[in-house]
Amino acid sequence: MEAFITPGLVISLIIVAVGIFIIAKGLVIIRQSEVMVIERLGSFNRVLESGINIIIPFIEKPRPISMIRYMRMGEEYHPVTSDEIRIDRRETVMDFPGQPVVTTDNVTVKINGALYYQIIDPRRAVYEVANMSQAVEVLAKTTLRSVVGKMELDKLFESRSEVNSAIQAEMEEAASKWGVKLTRVEVQDISMPEEVEEAMRLQMAAERKRRATVTEAEGEKAAAIAMAQGQRESAILNAQGDKESAILRAQGEQESIRLVLNAIGENEENKRTVVGYLLGQSYIKALPTMAQDGERVFVPYESTALLGSMGMFRELAGSPEDAVRDSLRSGMVASAGTN
């Protein structure tokens with residue numbers, strides 16, 4: 001047995017073991033979306049990308065980066081700090097706890113938000129700032145206080161998107177120096193003191209009541225306008241109907257007078273007789289209505305003379321309808337004789 005264990009074999013085994021150890025220590029596999037910053041004898045050497053990489057053990061070492069992440073336990077956030085040699089280049093969200101902020105109208109609110117960022121330059125993220133994630137968090141908080149401190153409380157609720165955009169715009173320049181790109185900033189919750197919240201609730205209730213009153217008044221106004229327009233159009237149509245009716249009656253009476261005068265002759269005496277007769281007919285037609293509308297009947301002073309004229313007219317020429325009928329009949333006879 002001792003014949004097989006020679007010094008040369010021992011040395012060979014030691015060399016193989018050392019080689020395996022060196023390969024094991026020097027072989028580095030980087031996963032997708034990860035990088036590793038390598039220092040050689042304390043100075044930056046290179047950045048390892050995803051895949052299989054070889055480093056020189058004891059001479060080259062990865063430089064860790066400090067990261068802070070918050071773990072939410074109930075309503076409390078607890079920071080957890082870790083040194084990581086593998087730098088994640090994916091977009092990362094930092095949900096930082098609520099921060100007290102005073103608005104321009106002296107209302108203290110508590111705002112918590114979320115910050116989305118991505119490490120685009122690992123070398124800068126490691127060497128340009130001591131604790132990159134803590135620096136980004138502090139910058140986000142101070143920028144949040146600065147932006148919200150310029151607003152009133154009502155404006156803050158109305159302009160969340162503007163607040164997010166303003167915070168992102170002010171942070172981009174500083175974050176870019178650290179090799180970090182801010183992709184989005186979101187203000188999540190805004191907590192107010194109970195007395196302020198109650199006052200806002202009462203204000204909102206009063207505003208809703210005011211809007212309901214205004215809407216009801218506008219509806220009544222529109223209904224009144226529509227009703228008035230309807231009455232106006234109805235009155236116009238009635239007036240037009242009365243006008244056309246009066247014109248037609250006048251035309252009928254005119255035609256009746258013309259036919260009677262044609263029958264009895266158109267001298268002045270006959271004209272007055274016909275007009276008196278027609279007026280008498282109107283009075284006689286109106287008498288029943290006058291008797292129904294009141295207890296007393298007013299008879300015109302000249303009614304006896306008028307009735308006398310009507311009687312005379314009937315004795316001389318018959319009724320106007322008879323005169324027209326006779327006129328038409330004589331015209332037909334004359335026409336037959338001519339033929």
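Student: Is Glu60 buried or exposed?

Tutor: A residue counts as buried when its relative accessible area is under 20%. In this predicted model, Glu60 has a relative accessible area of 3%, so Glu60 is buried.

Student: In which strand does Glu60 lie?

Tutor: Glu60 belongs to strand E5, which covers residues 60-62.

Student: With which side chain does the side chain of Glu60 make a polar contact?

Tutor: The partner is the side chain of Arg40, at 2.3 Å.

Student: Which residues does Glu60 touch, not counting residues up to four places away in sequence?

Tutor: With those sequence neighbours left out, Glu60 touches Ile38, Glu39, Arg40, Asn45, Arg46, Ile54 and Ile55. Arg40 is thus listed here and is also the polar partner of Glu60.

Student: Let us turn to the empty spaces. How many cavities of 30 Å³ or more does a search of the whole structure find?

Tutor: A cavity is a space where a probe fits but cannot get out, whereas a pocket is open. The search finds two cavities of 30 Å³ or more. The largest cavity has a volume of about 60 Å³, and the second largest has a volume of about 40 Å³.

Student: Which elements each supply at least two residues of the lining of the largest cavity?

Tutor: They are strand E6 (65-73), strand E8 (87-88) and strand E10. The lining includes Ile65, Met67, Arg69, Ile87, Asp88, Tyr117, Gln118 and Ile119. By class, this lining has five nonpolar, two polar and five charged residues.

Student: What classes of residue make up the lining of the second largest cavity?

Tutor: That lining has seven nonpolar, two polar and one charged residues. Among its residues are Phe96, Ile111, Leu144, Ile167, Val185 and Glu186. Strand E10, helix H3 (132-148) and strand E11 each supply at least two residues of this lining.

Student: What volume does the largest pocket have?

Tutor: The largest pocket has a volume of about 250 Å³. Its lining consists of Arg72, Glu75, Glu76, Tyr77, Pro97, Gly98, Lys110, Asn112, Asp189 and Ser191. Asn112 also appears in the lining of the second largest cavity.

Student: How is the lining of the largest pocket divided by class, and which strands each supply at least two of its residues?

Tutor: By class, the pocket lining has two nonpolar, three polar and five charged residues. Strands E7 (76-84), E9 (92-102), E10 (108-119) and E11 (180-191) each supply at least two residues.

Note on methods. Residues are numbered from 1 along each chain as its sequence is written. This is a predicted model: local features need pLDDT of at least 70, side-chain atom pairs count only at pLDDT 80 or more; totals for chains, interfaces and linings use all residues. Side-chain values use heavy atoms; hydrogens and water are left out. On a 1 Å grid over the protein atoms alone, a cavity is a set of points where a 1.4 Å probe fits but cannot get out, and a pocket is an open set with protein on both sides within 12 Å along at least five of seven lines; lining residues have an atom within 4 Å of a point. Grid points are joined across faces, edges and corners, and a volume is the space filled by probe spheres set on the points. Helices (H or I, at least four residues) and strands (E, at least two) are DSSP runs, numbered from the N terminus. Ala, Val, Leu, Ile, Met, Phe, Trp, Tyr, Cys and Pro count as nonpolar, Asp, Glu, Lys and Arg as charged, and the others, Gly among them, as polar. Buried means under 20% relative accessible area, exposed over 50%, partly exposed in between (1.4 Å probe, protein chains only). A polar contact is a pair of N or O atoms within 3.5 Å; within protein, one must be able to donate a hydrogen and the other to accept it, and residues adjacent in sequence count only if both atoms are side-chain atoms. Contact means heavy atoms within 4.5 Å.
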